[in-house]
Protein chains: 4
Amino acid sequence: MKRQQILDAAYTVFSRKGYHRATVDEIIALADTGKGTVYNYFVNKEQLFYTLIKERSARFEAELINIAGLVEPPLGKIKKAIKVFLEFYVENADLWRVLMHEMRGLGHEEPSNFTEAQREKYRARFQHTTSILEQILQEGIDQGVLRICDVHKAAHGLFSVIVMMVFQGFIGEKGESIETSANGIADIFLYGVVARQD
Amino acid sequence: MKRQQILDAAYTVFSRKGYHRATVDEIIALADTGKGTVYNYFVNKEQLFYTLIKERSARFEAELINIAGLVEPPLGKIKKAIKVFLEFYVENADLWRVLMHEMRGLGHEEPSNFTEAQREKYRARFQHTTSILEQILQEGIDQGVLRICDVHKAAHGLFSVIVMMVFQGFIGEKGESIETSANGIADIFLYGVVARQD
Amino acid sequence: MKRQQILDAAYTVFSRKGYHRATVDEIIALADTGKGTVYNYFVNKEQLFYTLIKERSARFEAELINIAGLVEPPLGKIKKAIKVFLEFYVENADLWRVLMHEMRGLGHEEPSNFTEAQREKYRARFQHTTSILEQILQEGIDQGVLRICDVHKAAHGLFSVIVMMVFQGFIGEKGESIETSANGIADIFLYGVVARQD
Amino acid sequence: MKRQQILDAAYTVFSRKGYHRATVDEIIALADTGKGTVYNYFVNKEQLFYTLIKERSARFEAELINIAGLVEPPLGKIKKAIKVFLEFYVENADLWRVLMHEMRGLGHEEPSNFTEAQREKYRARFQHTTSILEQILQEGIDQGVLRICDVHKAAHGLFSVIVMMVFQGFIGEKGESIETSANGIADIFLYGVVARQD
DNA sequence: CATGAATGAGTCTTCATTCAT
DNA sequence: GATGAATGAAGACTCATTCAT
């Protein structure tokens, strides 16, 4: 129970302050617990943060896998996937912004506060979600619905747009529903911005 | 002269370490100067960082404005703009990653290390570059080359893809030239991923 | 039963880590017991430590008293006593090293982790063993076998050599038997290092 | 100047409290300085401690080497060396007690607060002083003044007696002069406790 | 202008001890 | 008796900033 209180408080504080500026003191104040308790459940500030990430992303990943497995036209799958992505990132925008920042430094000297091992684990997690996107796109190509392109890049491009738009506050903070936003993104992604001759 | 040495060193250190982990000590070691000297030229670690941002982005913005002013078909302008964006962000990927992280916290309680005033100034700077993109897109719509859509969103979507792909390391680290990458992005952005019937 | 498990584990951990670095957590892990159990049997980490000392030294003291009581020439007694000392300190070198360190601070402001009362009890225990040595030496003087000297100092000197040589690793870790070591020490103690004219 | 204040304060606090219980806070309170200042001059609590040891022992070692080099009968040298040892250890009894405790753990798992590298450096320092004693004893044997024995052991035995007697408070705290104490030790060490027939 | 010694507020982390079950 | 979750006081260390020279 205390464990959950701490996780909830940590979620709030990390989201608000980022990793560095988040202090254990503030977390325990919010969790209404003692400082030692944090270290009974988590070895580190770092490991607390990652536990948070892991637990939050589990459900999202499951949902995504589920969509990929549906028997349905690819375009429908793509739209659904975009919606699930949007929902997740809107919900967890702040924390994932922090995560992405701390995960940066691909190959750089002293890149973040995290162990290289830890970073690798979570980079894998990211790869996983985009690889599901790739799979869906590939399916579309195989069925002749999508034109041939580099699915790896296309999936990342799509992922980028989604994440970036959420982070930039274009989605989720205004009145517009996520459904509508998802459709807008899908529209441009699928058909481009060039006017059709027909 | 000392001022420039400090800025150069700061660029390197902030890029490598991020804002928090960058220490004034490391900067002066690299700049081969005394600690007090930093505070003669810059009021703050914060203000040093932003001076860096300001000076680095000036040339980029000028170039972008220049492209917007060219007399040329919109599609060509778009491709050129994408290339300029890519070049700039590949060059300054690390520092801008840091900047974007520190600029987060839109409207939140205690948002970052920066003054709200400072943050506002640089948000404006971002808006400025995307607004040039918007302008180019709008021109395309007016000339009937692009289909009608929300230019604000489209511009941000494009911006997002560019920035995110650089940050994710998709561009600039592999053998592929920036020219090629720019074309690939432009292709999907303009024509979408859906297969044409023709 | 639990009590003994805890004592055994405590012996190991205190010996290995010293008093401060020994943690209750490590002791209970080794003792395979719960943390509360320790505090059922011992009021304190401190009192746990001293219980250890007390129980370990009881047999040694008994043996020493026994030797003092033998009817035998003084030189033989001295050799036997040296051997018993060596055996005990070799066996318990690590723990006694720790004890001696914690017992320091004779008369100082804030001397150690221990209550002054506790320290006094164990200083008395030390005095006790050396006083038995004194007694044996005095017997030798009374019988004209040893030359007249300050028995108090001489006993402490002998004690010092024994303990220090064990602590320095001169005895007990090499191939040499304790018997041989004991004879070597006795030889110099009894006859000095100066060459005889005869 | 601050550096010296810190060293002086550290000497006092480490001597009084031992390594673990000595806190940086207490040291700076005594040194009348800021906490950061300590870390400007010393990388560590550990390194502060060892700087202390190094600076304190330098003069002592020089004096000892000097004695070894004198042209004088060996017995005189031995007496002089004992006196120098006594003086040094009486002066620095408390700090060296602490050092010896922290240096323990020859080959043990996790023996002290110090790096193995650091410990090795100071073990060497100890070896150095006793090796000078050995040298003096060997000279005595070579000149036929001392009987043949294991000089290594004998030197350590002598060293042990000296150190231990100081640590036990036998020397330096009572009215007796160091001169007298030195003679007493030398007497037993040289001639033993056995009564002469002559 | 340039310098760098001095500073102390702010952090994470450890660990003996308690107490309700 | 046995247990272990909860606790918080205490401690080492970092680093931006100041100011006298």
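**Figure 1. Gly184(D) sits in helix H9 (residues 178-191) of chain D.** The model is predicted: local features require pLDDT of at least 70, side-chain atom pairs count only at pLDDT 80 or more, and totals for chains, interfaces and linings use all residues. Residues are numbered from 1 along each chain as its sequence is written, chains are lettered from A and ligands numbered from 1 in the order in which they are written, and side-chain values use heavy atoms, with hydrogens and water left out. Helices (H or I, at least four residues) and strands (E, at least two) are DSSP runs, numbered from the N terminus. Gly184(D) is partly exposed because its relative accessibility is 35%. The cut-offs are under 20% relative accessible area for buried and over 50% for exposed, with partly exposed in between (1.4 Å probe, protein chains only). Lys79(D) is 105 residues away from Gly184(D) along the chain, yet their C-alpha atoms are separated by 9.9 Å.

**Figure 2. Thr51(D) lies in helix H4 (residues 45-69) of chain D.** Its relative accessible area is 8%, so Thr51(D) is buried. Contact means heavy atoms within 4.5 Å. With neighbours within four places in sequence left aside, Thr51(D) is in contact with Arg3(D), Leu7(D) and Phe42(D).

**Figure 3. Helix H1 (residues 2-21) packs against helix H4 (residues 45-69) in chain C.** Two packed helices are described by the angle between their axes and the distance between the axes. Here the angle is about 100° and the axes are 10 Å apart. H1(C) is therefore roughly perpendicular to H4(C). Axes are lines fitted to C-alpha atoms, for helices over the stretch in contact; angles run from 0 to 180 degrees between N-to-C directions. Under 35 degrees counts as roughly parallel, over 145 as roughly antiparallel, 65 to 115 as roughly perpendicular and the rest as oblique. H1(C) contributes residues including Ile6(C), Leu7(C), Tyr11(C) and Phe14(C). Among those they meet in H4(C) are Leu48(C), Phe49(C), Thr51(C) and Leu52(C). By class, the contact has nine nonpolar, two polar and six charged residues. Ala, Val, Leu, Ile, Met, Phe, Trp, Tyr, Cys and Pro count as nonpolar, Asp, Glu, Lys and Arg as charged, and the others, Gly among them, as polar.

**Figure 4. Helix H6 (residues 93-103) of chain C is mostly covered.** Eleven of its eleven residues are buried. The list includes Leu95(C), Trp96(C), Val98(C) and Leu99(C). Charged side chains are on it too, including Asp94(C), Arg97(C) and Glu102(C).

**Figure 5. DNA strand E has 31 protein residues around it.** Near means that a heavy atom of the residue lies within 4 Å of the molecule or strand. Lys35(A), Gly36(B), Thr33(D), Gly36(D) and Tyr41(D) come nearest. Of the strand E atoms within 4 Å of the protein, 60% belong to sugar and phosphate. Polar contacts are pairs of N or O atoms within 3.5 Å; within protein, one must be able to donate a hydrogen and the other to accept it, and residues adjacent in sequence count only if both atoms are side-chain atoms. Phosphate oxygens of strand E lie 3.0 Å from a polar side-chain atom of Asn44(A), 2.8 Å from one of Thr37(B) and 3.0 Å from a side-chain N or O atom of Lys45(C). Helix H3 (35-41) of chains A, B, C and D gives two or more residues to this surface in each case. The surface divides into eight nonpolar, 15 polar and eight charged residues.

**Figure 6. DNA strand F is surrounded by 31 residues.** The closest are Thr33(A), Gly36(A), Thr37(A), Tyr41(A) and Lys35(D). Sugar or phosphate supplies 61% of the strand F atoms within 4 Å of the protein, and bases supply the rest. Asn40(A) reaches a base: a side-chain N or O atom is 3.0 Å from a base nitrogen. Phosphate oxygens are 3.1 Å from a side-chain N or O atom of Lys45(B) and 2.7 Å from one of Thr33(C). H3 of chains A, B, C and D gives two or more residues each to this surface. It has eight nonpolar, 15 polar and eight charged residues.

**Figure 7. Asp32(A) and Asp32(D) have positive phi values.** Most residues other than glycine have a negative phi. Phi is near 55° in Asp32(A) and near 55° in Asp32(D). Asp32(A) lies in the loop between helix H2 (24-31) and H3 of chain A. Asp32(D) lies in the loop between helix H2 (24-31) and H3 of chain D. Asp32(A) counts as exposed because its relative accessibility is 59%. Asp32(D) is exposed at 60%.
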